[in-house]
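The following exercises concern aromatic rings, charged side chains and one helix. Please study the sequence and the structure before reading each solution.

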Amino acid sequence: MKGISTILLVSASGLIAAGCGTTMTERAATGGLAGAAIGAAVDSSVTGALVGGAAGAAIGAATTPRHDSVNRRQYYDERAGRYYFYDPSNRRYYWEDGSPR
């Protein structure tokens, strides 16, 4: 019974942490935290937490969605003196630092 509850815990935690973060740093951090928690719960030692944290961080960073292929066209706002772009995937405008316009 303990093996089944461990599998369910790992699966649920993985699903919850899968959507956390949009940048590589955020996803690596949430993956590392979730992996450390799961590793400590499964192995109940510091080694389990370290191995789980390292694996979670690596998987989180590796699964970061890449937005390089998005067709973004930049424009220049003369009043603001800044560049902005249009993202056709969500039909919104953003400043070049990524904040909403």
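**Exercise 1.** Determine whether Y84 and W95 are buried or exposed, and describe how their rings are arranged.

*Solution.* Step 1. Both Y84 and W95 are buried, where buried means under 20% relative accessible area, exposed over 50%, and partly exposed in between (1.4 Å probe, protein chains only). The model is predicted: local features need pLDDT of at least 70, side-chain atom pairs count only at pLDDT 80 or more, and totals for chains, interfaces and linings use all residues. Residues are numbered from 1 along each chain as its sequence is written, and side-chain values use heavy atoms, with hydrogens and water left out.

Step 2. Rings of Phe, Tyr and Trp (its six-membered ring) pair if their centres lie within 6.5 Å; planes under 30 degrees apart count as stacked, over 60 as edge-to-face and the rest as tilted. The count of aromatic pairs is 6. Y84 and W95 form an edge-to-face pair, with 6.1 Å from centre to centre and 80° between the planes.

Step 3. Because Y84 belongs to strand 2 and W95 to strand 3, this pair ties together parts 11 residues apart in sequence. Strands (E, at least two residues) and helices (H or I, at least four) are DSSP runs, numbered from the N terminus. Ring pairs join Y84 and W95 with Y75, Y86 and Y93 in a cluster.

**Exercise 2.** Establish what R101 contacts.

*Solution.* Step 1. A charge sits over a ring if NZ of Lys or CZ of Arg is within 6 Å of the ring centre and within 35 degrees of the ring normal. R101 lies over the face of Y84, 3.8 Å from the ring centre, and its charged end also sits over the ring of W95, at 5.3 Å from the centre.

Step 2. R101 and D77 form a salt bridge at 3.0 Å, N to O; the term requires a side-chain nitrogen of Lys or Arg within 4 Å of a carboxyl oxygen of Asp or Glu. R101 is in the segment after strand 3 (92-95) and D77 in strand 1 (residues 73-77), so the bridge ties together parts 24 residues apart in sequence.

Step 3. R101 is partly exposed, at 47% relative accessibility, whereas D77 is buried, at 14%.

**Exercise 3.** Identify which residues of helix 2 are buried and where they lie.

*Solution.* Step 1. The buried residues of helix 2 are R27, G31, G32, G35, I38 and G39.

Step 2. Viewed down the axis of helix 2, these buried residues fall within an arc of 145°, so they line one face; the arc is that of the directions from the helix axis to the C-beta atoms.

Step 3. On the other side of helix 2, T25 and L33 are exposed.
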